[in-house]
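This report describes how a protein and DNA are arranged in one model. It begins with individual contacts and then turns to the wider surfaces, the relation between the chains and a pocket.

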Protein chains: 2
Amino acid sequence: MPTETFLNLSEEKRQRFIEAALKEFADHNYDTASVNRIIKELGIARGSVYQYFTDKLDLWLYLKEYSEQQKMNVIQSVDRKAFTNFWDYYRALFTQGIHFDLQHPLCSRFLYRIGYKESSKEVSNYLDGWKSKAKLMFTHWVEEEKEAGTINPSIPTELAVHFLISMSTSITELLQNKYEVNFDENFKNGKPLIASNITEFQLAVNELIQLLAKALT
Amino acid sequence: MPTETFLNLSEEKRQRFIEAALKEFADHNYDTASVNRIIKELGIARGSVYQYFTDKLDLWLYLKEYSEQQKMNVIQSVDRKAFTNFWDYYRALFTQGIHFDLQHPLCSRFLYRIGYKESSKEVSNYLDGWKSKAKLMFTHWVEEEKEAGTINPSIPTELAVHFLISMSTSITELLQNKYEVNFDENFKNGKPLIASNITEFQLAVNELIQLLAKALT
DNA sequence: TACATTTGTGACAACCTTGTCACATATCCA
DNA sequence: TGGATATGTGACAAGGTTGTCACAAATGTA
């Protein structure tokens, strides 16, 4: 939890701080992320950080909550009821994912890291939340779609969920393979991961969903 | 490259060293892995390590090559020509993967880490090799199977390859979800990840391959 | 203006890391 | 046995890390 002092900061100061911290924790694992680099980047004193947060862990937890909230705000704008077809809904979720990446590139990269690259024992207790949440959501959907006839009931729910989640997360890698140069460039320049390849991304998503649908129907 | 001194070491000494080093680099990222912990575990002097290897990086590269070689030895025993059906071949590869994990648990965990969790800039130049190799192999297969009629030619090769690789690698996660407790136990005790769940693993693999086949046919 | 409160500072301690190197010990060979 | 070579040792330097704390500056308040 950030201190009163941090919350009392001017909007601009706070945002500048969050951005610098996010960048550090997006570029490095928890263990190798350095408070020194953050303050150097911001040009502030070491003590300030510890007047805002009790800990490195405290700061990390705040950034995690902050980023998840940002993502939630974007994702939850997609309403399941607005789609009759499950796969259309699924596709819409991906599209919102793109928008999130474009609007919050640092959050996006940070969440990607803590979701798939982080392995520090210091934070391992806090890594499960997101995934198990997603699992619950997908499980719910799969069971619904099994009844609705969209998903073959003979396929174990657990397997279908794994299939869907695993594909959702690996799409980034697919695009990295396809548009290698741009991804690296964007990362270096601190741009959103997807950047200008939106249409290609949409095409890849469509192809992928077709495969998923074929497998699970 | 290890020095003459290291290669001259007695088989037992060398193996003990490799195991301790593998354990350290399997449990920690490159940056946070500690030579101090390795020597403490082995009860040897700091200087010895630097008489065997010039560098921490040099040691890491050796362990990488060593582990990859171990895996190759196991995997290459599966001959494509021994199978008329591609999916049978694919299934056999998984089975060999189980054997590798059972016979070389440390190598298995180390390779898993450098394949999916590593993000240190120090070693980033050396991380691509394995993946691009796998991609080449899978690409070759997919193209063959397209001609043979096993895989639908209208599916882009890139997509099919991504599908296969992504599923191959995420199977571990599926099993972790299913048999959470056992996995944690095995990890703590330094046992192979899969251990006693071989039959369950085989079942999960079969189910998964059925889905893959359905999607790609 | 004068005082109280909040915010900012950076030297510092304590602890880690890697790689070195002069020295000690063990092993081999004649 | 004696001398050369190979192997083992651990204190050390140089650099990094986090969190602290007495103090300085800015801001709010009366």
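## Contacts with DNA strand C

In this predicted model, a backbone N or O atom of B:Val35 lies 3.2 Å from a phosphate oxygen of DNA strand C. Two elements of chain A, helix H1 (4-8) and helix H4 (46-52), give two or more residues each to the surface near this strand, as do helix H3 (35-42) and helix H4 (46-52) of chain B. Side chains also reach phosphate oxygens of DNA strand C: a polar side-chain atom of B:Ser34 is 2.9 Å from one, and a polar side-chain atom of A:Asn8 is 3.4 Å from one.

DNA strand C is surrounded by 18 residues, of which A:Lys13, A:Tyr52, B:Asn36, B:Arg46 and B:Tyr50 are the closest. Of the strand's atoms that come within 4 Å of the protein, 56% belong to sugar and phosphate. H4(A) gives the most to this surface, with five residues. Sorted by class, the surface near DNA strand C has six nonpolar, seven polar and five charged residues.

## Contacts with DNA strand D

Around DNA strand D there are 18 residues, and A:Asn36, A:Arg46, A:Tyr50, B:Lys13 and B:Tyr52 come nearest. B:Tyr52 places a polar side-chain atom 2.8 Å from a phosphate oxygen of this strand, while a backbone N or O atom of B:Ala45 lies 3.2 Å from a phosphate oxygen. A base is contacted as well: a polar backbone atom of B:Gly47 is 3.3 Å from a base oxygen of DNA strand D.

Sugar or phosphate supplies 56% of the atoms of DNA strand D within 4 Å of the protein, and bases supply the rest. Helix H3 (35-42) and H4 of chain A, with helix H1 (4-8) and H4 of chain B, each contribute at least two residues to the surface near this strand. The largest share, five residues, comes from H4(B). By class, this surface divides into six nonpolar, seven polar and five charged residues.

## Relation of the two chains

Chain A superposes on chain B by a rotation of 180° with 0.1 Å of shift along its axis, at an RMSD of 0.1 Å. The two copies are therefore related as by a two-fold rotation axis. Because 100% of the interface residues of chain A are also interface residues in chain B, the copies meet through the same surface.

## A pocket in chain B

The second largest pocket has a volume of about 200 Å³. Its lining comprises B:Met1, B:Pro2, B:Asp58, B:Leu61, B:Tyr62, B:Lys64, B:Glu65, B:Tyr66 and B:Glu68. By class, the lining has five nonpolar, no polar and four charged residues.

Definitions and conventions
Residues numbered from 1 in each chain as written. Chains lettered and ligands numbered in written order. Predicted model: local features only at pLDDT ≥ 70, side-chain atom pairs only at ≥ 80, totals over all residues. Heavy atoms only, no water. Near = heavy atom within 4 Å. Polar contact = N/O pair within 3.5 Å; in protein donor to acceptor, adjacent residues only side chain to side chain. Helix = DSSP H or I, 4+ residues; strand = E, 2+ residues; numbered from the N terminus. Nonpolar A, V, L, I, M, F, W, Y, C, P; charged D, E, K, R; others polar. 1 Å grid on protein atoms, 1.4 Å probe; cavity = no way out; pocket = protein on both sides within 12 Å on 5 of 7 lines; lining within 4 Å. Points joined across faces, edges and corners; volume = space filled by probe spheres on them. Least-squares fit on C-alpha atoms with pLDDT ≥ 70 in both. Contact = heavy atoms within 4.5 Å.
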